[in-house]
Structures are given as structure tokens and as C-alpha cells.
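Visitor: Could you take me on a close look at the sheet in this model, and at what is packed and paired around it?

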Amino acid sequence: MIKFLPLCLGFMLLSASAAPFAQEAQTQLPRTTLSIGVHQIEVQIASTSEETSTGLMYRQAMPTSEGMLFVFPQTNRFCFWMKNTPLPLTAAFIADDGSIVNLENMKPHSLDSHCSAKPVRYVLEMNQGWFSKRGIQPGFKIVGKPFAQ
């Protein structure tokens with residue numbers, strides 16, 4: 001399960017047994033297109049509590065230029081883990097203006113916590129290696145509807 005956790009509650013919630021809302025992959029969420037430089041990606045948008053709690057759990061495969069954008073109602077230091085998630089992923093923690101704050105590689109089925117370096121509103125998960133193969137690093141800006149000012 002990919003679980004978002006406000007940093008102040010993270011360790012308490014990680015130790016609790018959190019039951020997932022769904023037992024199958026989410027594939028029918030709203031979609032949008034984002035750009036990072038010349039690269040375009042198609043993302044599913046997870047914005048409700050149920051959608052963000054389920055994330056990419058149970059997903060067996062994901063096309064190369066697709067991902068999931070987690071949209072939270074307010075900025076916070078969020079932490080993610082990989083329980084029930086068989087795909088190796090990279091999480092990009094993103095500020096309100098679309099700037100990547102930090103990138104975290106995450107191992108399948110791991111309960112290790114991967115956190116934003118500072119408060120963010122968005123997290124973009126992509127297949128592991130997608131960002132590094134394109135030379136995308138913290139400071140790069142993501143452009144698209146969710147980040148429109």
C-alpha cells in the first residue's frame with residue numbers, strides 16, 4: 001500500500017495495522033497530462049482520502065510514461081510507503097508551483113518511510129528510473145493543470 005502520512009503522525013500510523021480501502025488496483029481515476037521539460041506524462045489523479053490511501057497498491061504494471069499524482073488539500077511533510085505495492089517506484093515530492101523538492105526511490109512491498117524534505121501539496125509516483133533516465137532532478141518544474149496559478 002502506498003500510504004501518505006503527515007510526518008507528525010507517520011510513525012504512529014506506520015505501526016498501526018492500516019486496512020486498505022480497496023483490494024484491487026485503481027485504474028479509473030481522473031487523468032491529466034503533465035510536462036517536465038520536453039517530456040510528457042499521463043497521470044491518474046488521486047485526491048480523495050480513499051484514493052490517496054490506496055494509491056498504486058496491487059498494480060502489477062504501469063506504462064513507461066504514466067504515473068499517479070497525489071493531490072492533498074494542504075501542504076504538509078508527507079511520507080509514503082510501499083505495502084501491497086509490487087512495482088518499484090520513485091516518488092517526486094512537489095511544491096505548489098510544480099517544483100520538484102526531492103525524489104525518493106521506493107522498493108516494492110517495503111514498509112520503509114519515504115518523506116518529503118519540506119512541506120508539499122503534491123506527490124508524483126513514476127516507475128523507478130523514469131526520472132533518472134531523463135536527467136530530471138530536484139528543482140525541475142512540472143507544468144500542467146494542477147499547478148496552474
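Guide: Gladly! Let's begin at one contact: Ala46 stands opposite Phe70 in S4. Keep in mind that this is a predicted model. The strands behind that contact are S3 (residues 39-46) and S4, which pair in the parallel sense over 5 bridges.

Now step back to the sheet. It is open, has 7 strands with mixed pairing, and runs in the order S7-S6-S9-S4-S3-S2-S10. Its edges are S7 and S10, each of which pairs on one side only.

From the S7 edge, the next strand in the order is S6. All of S6 is hidden: 6 of its 6 residues are buried, so the strand is largely enclosed by the rest of the structure. In a regular strand, side chains alternate between the two faces of the sheet. Here Leu89, Ala91 and Phe93 point one way from S6, while Thr90, Ala92 and Ile94 point the other way, and all are buried.

S6 has a partner on each side in that order. It runs antiparallel to S7, joined by 6 bridges, and it also runs antiparallel to S9, again with 6 bridges. Ala91 is a handy landmark for both pairings: its bridge partner in S7 is Glu104, and its bridge partner in S9 is Glu125. The hairpin of S6 and S7 has 5 residues between the strands, and there Gly98 takes a positive phi near 95 degrees.

What do the strands pack into? Nonpolar side chains in soluble globular proteins tend to be buried together. The largest nonpolar core has 19 residues, of which Phe70, Phe80, Leu89 and Val123 touch the most other members. The elements that contribute two or more residues to this core are S4, strand S5 (78-80), S6, S7 and S9. Another core, of 18 residues, lies apart from it and includes Ile45, Val71, Ile100 and Met126. Phe70 thus appears twice in our tour, as the residue opposite Ala46 and among those with the most contacts in the largest core.

Let's finish with charged side chains. Those of opposite charge can pair when their charged atoms come close. A search of the whole structure finds 3 salt bridges.

One of them joins Arg31 and Glu66, with the closest N and O atoms 3.4 Å apart. Arg31 lies in strand S2 (residues 31-36) and Glu66 in strand S4 (residues 66-76), so this pair ties together parts that are 35 residues apart in sequence. Arg31 counts as partly exposed at 39% relative accessibility. Glu66 is partly exposed as well, at 22%; buried would require under 20%.

Another salt bridge brings together the side chains of Arg121 and Asp96, at 2.7 Å from N to O. Because Arg121 sits in strand S9 (residues 120-127) and Asp96 in the loop between strand S6 (89-94) and strand S7 (100-106), the pair links parts that are 25 residues apart in sequence. Asp96 is partly exposed, with a relative accessible area of 34%.

The remaining one is between Lys141 and Asp97, whose side chains meet at 4.0 Å, N to O. Lys141 lies in the loop between helix H3 (130-133) and strand S10 (142-143), and Asp97 in the loop between S6 and S7, so parts that are 44 residues apart in sequence are tied together. Lys141 is partly exposed at 44% relative accessibility, and Asp97 is partly exposed at 32%.

Technical notes
Residues numbered from 1 in each chain as written. Predicted model: local features only at pLDDT ≥ 70, side-chain atom pairs only at ≥ 80, totals over all residues. Heavy atoms only, no water. Helix = DSSP H or I, 4+ residues; strand = E, 2+ residues; numbered from the N terminus. Buried < 20%, exposed > 50% of the residue type's maximum accessible area, 1.4 Å probe, protein only. Core = buried A, V, L, I, M, F, W, Y, C linked by side-chain atoms within 4.5 Å. Pairing = 2+ DSSP bridges.
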